[in-house]
Amino acid sequence: MPGNRTVRRAALAAALSALAVTAPAGSSATAAPAPAPAGDRSEIPARSGRTDSAVDRVAHFYGSYVDAVTDDGRGALAQALRGHYLTPELRARLANWEQREHADGVLRGQDTPTAWRVTYNDSAMGRAWTRVRLTWGSPEQPRYTHLLVTSDLHTLRITDIEPDKGQ
């Protein structure tokens, strides 16, 4: 009969294999490594963030928003996330854009993306610019849209979302 440590290693290996299969394209998860030796957890994929990082806040918003829209549609949770992360001025501009375009202004689309990726772009004069890549369609034939998201470095709230013309 296998020992408790052997059972835990097998469970860890199975969990890591499952993570490699289910991690969305473009996520910060990496392919699952071979099981680490006992006590060595340095190769286990991890996600982290900081409460004082505008880029992390944008990543948290897009991760939560895409999940909310995927799970519930554009209901109360999606609206609450907008209220927490976006400035009132941006919410008003998005409402006008959405009425005109008949699409979600945060995602700049009518459907829901299958994955998202957020990267730092620049910062100056109390603002940070973050690039957001949204993945649409199947893993075999992905399509991408790119957004440039502006955040206020004092409040860390998102002040603008525009198509990224540099992509």
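Begin by selecting His102, which sits in the loop between H4 and E1. The coordinates belong to a predicted model. His102 directly follows H4, and its phi is near 55 degrees, a positive value in a residue other than glycine. Most residues other than glycine have a negative phi. Is His102 buried or exposed? With a relative accessibility of 59%, above the 50% cut-off, His102 counts as exposed.

**The whole chain**

Now display the entire protein chain, which contains four helices and four strands. Along the sequence these elements follow the pattern α-α-α-α-β-β-β-β. Of the 167 residues, 32% are buried. The chain exposes about 10,100 Å², and carbon and sulfur atoms supply 52% of that area. Among contacts with a separation of 6 or more, 45% are between residues 24 or more positions apart.

**Helix H4**

Select residues 88-101, which make up H4. This helix has 14 residues and spans 20 Å from its first C-alpha to its last, close to the 20 Å expected at 1.5 Å a residue. Colour Leu90, Leu94, Trp97 and Glu98, the buried residues to be examined in this helix. Viewed down the axis of H4, its buried residues fall within an arc of 100 degrees, so they line one face of the helix. Their packing partners are helix H3 (76-85) and E4. Turn the view to the face of H4 directed away from its buried side, where the exposed residues Glu89, Gln99 and Arg100 are found.

**The sheet**

Next, show the strands. They form an open sheet of four strands in the order E1-E2-E3-E4, with antiparallel pairing. Strand E1 (115-124) and E4 stand at the edges with a single partner strand each, so one side of each has no neighbour in the sheet. On average, neighbouring strands of this sheet are turned by 25 degrees against each other, direction ignored. Add helix H2 (residues 54-72), which lies across E1, E2, E3 and E4 and runs at about 155 degrees to E1.

**From E1 to E2**

Move to Met125, located in the loop between E1 and E2. Met125 has a positive phi of about 50 degrees, although it is not a glycine. Its relative accessible area is 81%, so Met125 is exposed.

**The E2-E3 hairpin**

Select residues 127-136 for E2 and residues 143-152 for E3. These two strands pair in the antiparallel sense over 10 bridges. What stands opposite Arg127 in E3? The residue there is Asp152. Continue to Val132, whose bridge partner in E3 is Leu147. The two strands form a hairpin with six residues between them, and Gly137 in the turn has a positive phi of about 85 degrees.

**The E3-E4 hairpin**

Finally, add strand E4 (residues 158-163). How many bridges join E3 to E4? Five bridges join these strands, which run antiparallel. One pair to select is Thr150 with its bridge partner in E4, Asp160. E3 and E4 form a hairpin with five residues between them. Leu156, in the turn of this hairpin, has a positive phi of about 65 degrees. With E4 in view, bring back the buried residues of H4, which pack against H3 and E4.

Methods: Residues numbered from 1 in each chain as written. Predicted model: local features only at pLDDT ≥ 70, side-chain atom pairs only at ≥ 80, totals over all residues. Heavy atoms only, no water. Pairing = 2+ DSSP bridges. Expected span 1.5 Å × (residues − 1). Buried < 20%, exposed > 50% of the residue type's maximum accessible area, 1.4 Å probe, protein only. Arc of directions from axis to C-beta. Contact = heavy atoms within 4.5 Å. Axes fitted to C-alpha atoms, helices over the stretch in contact; angles between N-to-C directions. Areas by Shrake-Rupley, 256 points an atom, 1.4 Å probe, with all protein chains shown as cover.
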